[in-house]
Amino acid sequence: TITPVEGERYQGVVGLEGDSVASCLENYFLQSEQLPTRLFIRSGEHEGRPAAAGMLLQVLPAQHVGHDDFDHLAQLTATIKNEELFTLPANDVLYRLYHQESVTLYEPQAVSFHCHCSRERCADALMTLSDDDLNEMLAQEGEIDMHCDYCGNHYLFSESEVSDIRHANTDSTRH
């Protein structure tokens, strides 16, 4: 579910179809982003320890890559060996796979995680429920526990907090 800063909130649903995590994700990208995507996920052992690595091959939205070109690159990428992915720097892997292709190498970017959930967003979501639904939830548990499945945060709302939110929501709709 996406709640943009401007515009209406919307939701996209894509089924988990495929016989592996990689094929499920490839299907997701194809249906939701409409971008040809292939994932090459490898796991095994390296020097007696569990190891995992992977590569994502994807057409960038601004590029015009033909189907044959993408298939060619996917075939090249499929030749990568576990040992190469587990041990070689990214530049070496790219050279081994694509040294006869035109490659643009972008500066690495740190991977970071950020969830947009907040207590305020949860309170806004609560206000979309009817008073009867809110009262029933409060009667069952004594509080409302909203859990974000993305980041794992819990937002607890007591009966008095729900009442305050309702009151503030009523006041803002009057003005």
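Is Phe29 buried, exposed or partly exposed? In this predicted model, Phe29 has a relative accessible area of 21%, so this residue counts as partly exposed, given that buried means under 20%. Its sequence neighbour Tyr28 is likewise partly exposed, at 35% relative accessibility. The count of aromatic pairs comes to two. In one of them, the ring centres of Tyr28 and Phe29 lie 5.5 Å apart and the planes meet at 70°, which is over 60 and therefore makes the pair edge-to-face.

Just before these rings in the sequence comes Asn27, a residue of helix H1, which spans residues 21-33. Asn27 has a relative accessibility of 16% and so counts as buried. Beyond the neighbours within four places in sequence, the contacts of Asn27 are with Val14, Gly15 and Glu17.

Attention now turns to the nonpolar interior. In soluble globular proteins, nonpolar side chains tend to be buried together. Here the largest nonpolar core holds 14 residues, and Met55, Leu57 and Leu97 have the most contacts inside it. Two or more residues of this core come from each of strand E2 (49-58), helix H2 (67-77), helix H3 (82-87) and helix H4 (90-98). Strand E2 gives the largest share, with four residues.

Met55 offers a good viewpoint on these surroundings. With neighbours within four places in sequence set aside, Met55 is in contact with Arg38, Leu39 and Phe40, with Thr77 and Leu85, and with Val93, Leu94, Leu97 and Tyr98. There is also a second, separate core, made of eleven residues, including Cys122, Leu138, Tyr155 and Phe157.

How is helix H4 placed against its partners? The buried residues of this helix are Val93, Leu97 and Tyr98. They are on the same side of H4, because the arc that they cover around the axis is only 95°. An α-helix has 3.6 residues a turn, so residues three or four places apart point the same way. The elements against which the buried residues of H4 pack are E2, H2 and H3. Among these buried residues, Leu97 is also one of those with the most contacts inside the largest core, and Val93, Leu97 and Tyr98 are each in contact with Met55.

A final feature involves a residue of the second core. Phe157, which belongs to that separate set of eleven residues, has the charged end of Arg119 over its ring, at 4.2 Å from the ring centre.

Methods: Residues are numbered from 1 along each chain as its sequence is written. This is a predicted model: local features need pLDDT of at least 70, side-chain atom pairs count only at pLDDT 80 or more; totals for chains, interfaces and linings use all residues. Side-chain values use heavy atoms; hydrogens and water are left out. A nonpolar core is a set of buried Ala, Val, Leu, Ile, Met, Phe, Trp, Tyr and Cys residues joined through side-chain atoms within 4.5 Å. Buried means under 20% relative accessible area, exposed over 50%, partly exposed in between (1.4 Å probe, protein chains only). Contact means heavy atoms within 4.5 Å. Rings of Phe, Tyr and Trp (its six-membered ring) pair if their centres lie within 6.5 Å; planes under 30 degrees apart count as stacked, over 60 as edge-to-face and the rest as tilted. A charge sits over a ring if NZ of Lys or CZ of Arg is within 6 Å of the ring centre and within 35 degrees of the ring normal. The arc is that of the directions from the helix axis to the C-beta atoms.
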